[in-house]
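Biologist: Could you take a close look at one part of this model for me, and then set it in the context of the chain around it? I would be glad of cut-offs wherever you use a term.

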Amino acid sequence: MLRPEQLLAPGPDGLCCPLGGFHIDPVRPVAKALITHGHADHARSGHGEVLATAETLRIMATRYGETFAKGSQVAKMGEAMRIGDVTVSFHPAGHVLGSAQIAVEAKGCRIVVSGDYKRRRDPTCLPFEPVACDVFITEATFGLPVFRHPDDSVEIHKLLKSMREFPERAHLVGAYALGKAQRIIGRLREEGYDAPIYIHGALEKLCRLYEEEGIALGELRPATLETGRKTDFAGALVICPPSAFADRWARRFPDPVACFASGWMTIRQRAKQRGVELPLIISDHCDWDELIETIEEIAPAEVWVTHGREEALVRWCELAGIRAKPLHMVGYEDEGD
């Protein structure tokens, strides 16, 4: 049996598979890249060939232009492909539209690279699918016991309640442009909010892409104030990138309630530092319990941790009798948290 380190190994460009001649989510341009999902810290432009799901390829083309790579190939979920001396297959990760785990197998050894993932139901993407493997490579963005996220319906109802209590104010919800923004809109629609939702211009292309992929988002309107009065947005719900809070754009709305949808809102000090009046603890990553439950469910012989709060998760694995190690990979952030 092949040793796992012979199948996949971290390097300066990212996780490398020498037997297949490719990298997974490389941080620098490489000849052949397999991409787990469309967030910018995992999907970068400038590679030779890119293999990813059709949705991820569309997202990359939307963000970087059609020439984001010299060539591309669509990976279908669950379909095994031969690349060099290894077999590769993609499986749903539940993170954002098109997100996938990548299973790499050769000579009796299977490693699953989860990318970023979550276990909560999300109306805008396929749910996470556990895949049996010898080595499970996981992230640990929220890999500390302090991170236990509430049900997202609790947080959505907090937002709706605030809107009822302050009908004269605009509610500005900071949400990352890919995945979180569309999930918030989708969950609001599921809870019966059928009024128009206003979106920042930075979200327009990705929201349109989601709709073209069959994800219904209801009536969306541009959140511009080029014409009309400030009070026209009284009672409005506006979705914007978190960075827009600091722009003059945000100050145009009537007495705006600053909301931020993120797993980091568990930490009150973070909300305070960012001037968030209504923190919404909604994450596209697993919390501590979900990380543990996933490892227990998959029951791999070994766990490797790519990024995040690595030490606590590695320690938990060791106490549970599972071999584990941190990979200390750099270049991965929390765009989709």
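Modeller: Happy to: I will begin with helix 2 and then move out to some single residues and the whole chain. This is a predicted model, in which local features need pLDDT of at least 70, side-chain atom pairs count only at pLDDT 80 or more, and totals for chains, interfaces and linings use all residues. Residues are numbered from 1 along each chain as its sequence is written, and side-chain values use heavy atoms, with hydrogens and water left out.

Helix 2 covers residues 54-64, and its buried residues are T56, L57, I59, M60 and A61. Here buried means under 20% relative accessible area, exposed over 50%, and partly exposed in between, with a 1.4 Å probe and protein chains only. Helices (H or I, at least four residues) and strands (E, at least two) are DSSP runs, numbered from the N terminus. An α-helix has 3.6 residues a turn, so residues three or four places apart point the same way. The buried residues of helix 2 pack against strand 5 (47-52), strand 6 (69-74) and helix 5. After the helix comes G65, with a positive phi near 100 degrees.

One of the helix residues, T56, leads us to S99, since T56 is among the residues that S99 touches. The others are T36, H37, M77, H91, P92, A93 and G94, not counting residues up to four places away in sequence; contact means heavy atoms within 4.5 Å. S99 sits in the loop between strand 8 (86-92) and strand 9 (100-106), and is buried at a relative accessible area of 4%. A polar atom of its side chain lies 3.0 Å from the backbone nitrogen of H95. That is within the limit for a polar contact, a pair of N or O atoms within 3.5 Å; within protein, one must be able to donate a hydrogen and the other to accept it, and residues adjacent in sequence count only if both atoms are side-chain atoms.

Helix 5, a packing partner of helix 2, brings us to H200. This histidine is in the loop between strand 13 (197-199) and helix 5 (204-212). H200 is buried, with a relative accessible area of 17%, and its side chain reaches the backbone nitrogen of A202 at 2.9 Å. Leaving out residues up to four places away in sequence, H200 touches A223, I239, C240, P241, A244 and W249.

Two more buried residues are worth a visit. T138, in strand 11 (residues 135-140), has 1% relative accessibility. The T138 side chain makes a polar contact with the side chain of Y117 at 2.7 Å, and its contacts beyond four places in sequence include S114, L291 and W304. P26, in the loop between strand 3 (22-24) and strand 4 (32-34), is buried at 0%. Beyond four places in sequence, P26 is in contact with D13, A33, L34, I35, H42, R44 and H47.

Stepping back, the protein chain has 8 helices and 19 strands. Its radius of gyration is 21 Å, close to the 20 Å that the globule rule gives for 337 residues, so the chain is as compact as a globular protein of that length. The radius is taken over C-alpha atoms, and the rule is 2.2 Å times the number of residues to the power 0.38. Of the 337 residues, 57% count as buried. Along its principal axes the C-alpha trace spans about 70 × 45 × 30 Å.
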